[in-house]
Amino acid sequence: MNVAVPLALLASLVAGCDGRPKLRAAPSDGGAAVAQGAPHAAASDSDESGHGEAHPPSPGPPVATATALAPQARAELTTLRVMAHVGAVIIRKEEGGWVVSGPNGCQVSPARLERALDNLASLRSVPTPERPQDGAEFELQVVAQVGQARVLHFDMAGRVAGRDLVQLGDYSTHWITGFDRELWAPNAKAWCGPS
């Protein structure tokens, strides 16, 4: 039996699939971004019952469009991510409390975490058509997750008069007031220090 042909066929099938989702740029029609290449169960010529029906891939999780942390989402949170060009921190809920991942990790003080979540819950927003100025980049990203689903996702650009320009997961933009950038620092030291 010649094994080279099946292996070559398998290699060509696997080569085109790296499993990473790719997002399109913000749609010009104001619609939500669409993940392309996201891993889904492959549709087959026949399902397990043998009826020969193909099944479409299941849709991904909904895009986070919250402008403040809702009480139900807060109660169910499992992960917080704070990322910037100069650092990043991931905080995960474990049995013993909230823990910062990585070599400089620690257990986060419950008081420190509650202050951060209170801050997210108290934000106020006003929708705006404004976008970051040409060449400006988002300075900070804050993500709150329940499992793999994002319940809050902020890409933050510049701050003007105490307001932060924020882009949500659906590419809408808002001016957010009340966000404490010092409290949401993207480094473990800020989360591991005294409360």
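## Strands, hairpins and a core

In this predicted model, a hairpin with two residues in its link connects β4 to β5. Let's work outward from there.

**Exercise 1.** Work out how β4 and β5 pair, and find the residue that stands opposite Arg92.

*Solution.* Start with the ranges: β4 covers residues 87-94 and β5 covers residues 97-100. Next, check the direction: the two strands run antiparallel, joined by four bridges. Now go to Arg92 and look across to β5, where you meet Val99.

**Exercise 2.** Follow β5 on to β6, and find the bridge partner of Val100.

*Solution.* β6 is short to write down: residues 106-107. Two bridges tie β6 to β5, and this pair is antiparallel. Val100 has Cys106 in β6 as its bridge partner. Then look at the turn: five residues lie between β5 and β6 in this hairpin, and Gly102 there has a positive phi of about 100 degrees.

**Exercise 3.** Find the residues that touch the most other members of the largest nonpolar core, and say which element gives the most to this core.

*Solution.* The core holds 30 residues, and the ones to pick out are Leu80, Phe154, Phe179, Trp184 and Trp191. Next, sort by element: those supplying at least two residues each include β3 (79-84), β8 (140-146), β9 (149-160) and α4 (188-192), along with our hairpin strands β4 and β5. The top giver is α3, with four residues.

**Exercise 4.** List some residues that Phe154 touches, leaving out those up to four places away in sequence.

*Solution.* Go through its contacts in sequence order: among them are Ala66, Thr67, Leu123, Leu140, Val142, Val166, Leu168 and Ile176. Gln141 and Gln167 are on the list too.

How values were computed
Residues numbered from 1 in each chain as written. Predicted model: local features only at pLDDT ≥ 70, side-chain atom pairs only at ≥ 80, totals over all residues. Heavy atoms only, no water. Pairing = 2+ DSSP bridges. Core = buried A, V, L, I, M, F, W, Y, C linked by side-chain atoms within 4.5 Å. Buried < 20%, exposed > 50% of the residue type's maximum accessible area, 1.4 Å probe, protein only. Contact = heavy atoms within 4.5 Å.
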